[in-house]
Amino acid sequence: MKEQVSTGMNRTGVQMSPFDTAALERDITSLMPPASGDPAEIARIRNDYIADADQLGSMPPPGTVKGMVATGTSALMGNEPQLLLDKLGERLAFERTGTRLYDALIDKVEALERAGSTTVPLPILIQIRDEEAQHFALVAKAIQSLGGDPTVQTPCADLAGIESAGLLQAVTDPRTTAAQALHAVLIAELADNNGWELLIALAESQNHDQMAADFTAALDNERDHLRFVQEAFETAMLGGPLTGRS
Ligand SMILES: [Fe+2]
Ligand SMILES: [Fe+2]
């Protein structure tokens, strides 16, 4: 079903009030005193804050003997075990959010389906949602295999939470259409694909071959997710039949 955009009482553009716009343009200098900061000033203040800032967070020291041994051995081999654990924490946070994004999308599609205003196939959404949850469990297991703690909020996990907050807001907003929600999920899937690719390269570089193989299977899922969401979004925007998960 093709996306419908309604015409309503939107008054955000200047064309809605030509007389006021003409007056504004005439008196612009008296109505709007010059801004106190120019771009160079703004950049200078940002620079000061950056120079004074702490980091976004830190990694904890290993909390178990297994963790100490694994981290120490890996570091002796020239690896950066904390970097891998940080990125695993990021993936864990993102897969958790991904599961919640699909939960919210499924609720929306169910509601819109009852109103007869969408045809996004629910069984595929449910399957993808379950795969995101499986990916979350896979990453938690990988962190534990390194002696790490999956409950840690790592710096990159913190950042992933901030980045994806807007996506969750977009999908859970009761006013967004299926197409608008799918667009938010599409952003998540693009980031998801790239995230797994990077994690596989990192695992391989630190000789975690089994981990890299497990993650490659997850990346295959993610490529399917991306293809499906792209197609579902385009179908919702342009109309025409959805051919299903390819
Ligand atoms: Fe995912
Ligand atoms: Fe995904």
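A residue is called buried when its relative accessible area is under 20%, exposed when over 50%, and partly exposed in between. This reading of accessibility will accompany the tour, which runs through a predicted model.

**First stop: the link between helices α8 and α9**

Select E197 and R223. Their side chains meet in a salt bridge, with N and O 3.4 Å apart. The bridge connects distant parts of the chain, since E197 belongs to helix α8 and R223 to helix α9, 26 residues apart. E197 has a relative accessibility of 35% and therefore counts as partly exposed. R223, at 36%, is likewise classed as partly exposed.

Now select W196 and F215. Under the criterion for ring pairs, the structure contains one aromatic pair. The ring centres of W196 and F215 lie 5.2 Å apart with the planes at 70°, so the arrangement is edge-to-face. This pair also joins distant parts of the chain: W196 sits in helix α8 (residues 178–205) and F215 in helix α9 (residues 209–238), with the two positions 19 residues apart in numbering. Both W196 and F215 are buried.

**Second stop: the iron ions**

Select the iron ion (ligand 2) and display its surroundings. Which residues coordinate this iron ion? The donors are OE atoms of E132, E189 (listed twice) and E222, together with ND1 of H225, at 2.0 to 2.5 Å. Along the chain, the donors of the iron ion (ligand 2) follow the spacing E-x56-E-x32-E-x2-H.

Add the iron ion (ligand 1) to the selection. The two iron ions lie 3.2 Å apart, and E132 bridges them. Then return to E222 and H225: both are in helix α9, three residues apart, which is about one turn of the helix. E222 and H225 are both buried.

**Third stop: salt bridges within a helix**

Across the whole structure, a search finds 11 salt bridges. Remain in helix α9 and select R227 and D224, whose closest N and O atoms are 2.6 Å apart in a salt bridge. R227 and D224 are three residues apart in this helix, about one turn. R227 is partly exposed, with a relative accessible area of 39%. D224 also counts as partly exposed, because its relative accessibility is 21%.

A further set of side chains deserves selection together: K87, E90, R91, E95 and D192 are joined into one network by salt bridges that share partners. Within it, centre the view on E90 and K87, which meet in a salt bridge at 2.5 Å, N to O. They are three residues apart in helix α5 (residues 81–114), so about one helical turn separates them. Are these two residues buried or exposed? E90 counts as buried at 16% relative accessibility, and K87 is buried at 18%.

**Final stop: the surface**

Select L24, I28 and M32. These residues form a nonpolar patch on the surface, with about 260 Å² of accessible area together. M32 lies in the loop between α2 (28–31) and α3 (39–52). With 52% relative accessibility, M32 counts as exposed.

Finish at Q153, located in the loop between α6 (122–145) and α7 (155–172). Q153 is classed as exposed because its relative accessibility is 51%. To relate this position to the aromatic pair, draw a line from Q153 to F215: the C-alpha atoms are 21 Å apart, and the two residues are 62 residues apart in sequence.

Conventions:
Residues numbered from 1 in each chain as written. Chains lettered and ligands numbered in written order. Predicted model: local features only at pLDDT ≥ 70, side-chain atom pairs only at ≥ 80, totals over all residues. Heavy atoms only, no water. Phe/Tyr/Trp six-rings, centres within 6.5 Å; stacked < 30°, edge-to-face > 60°. Helix = DSSP H or I, 4+ residues; strand = E, 2+ residues; numbered from the N terminus. Buried < 20%, exposed > 50% of the residue type's maximum accessible area, 1.4 Å probe, protein only. Patch = residues over 30% accessible without salt bridge, like charges linked within 9 Å, V, L, I, M, F, W, Y side chains within 5 Å. Areas by Shrake-Rupley, 256 points an atom, 1.4 Å probe, with all protein chains shown as cover. Salt bridge = Lys/Arg side-chain N within 4 Å of Asp/Glu carboxyl O. Donors = N, O, S within 2.8 Å, 3.2 Å for Na, K, Ca; no water.
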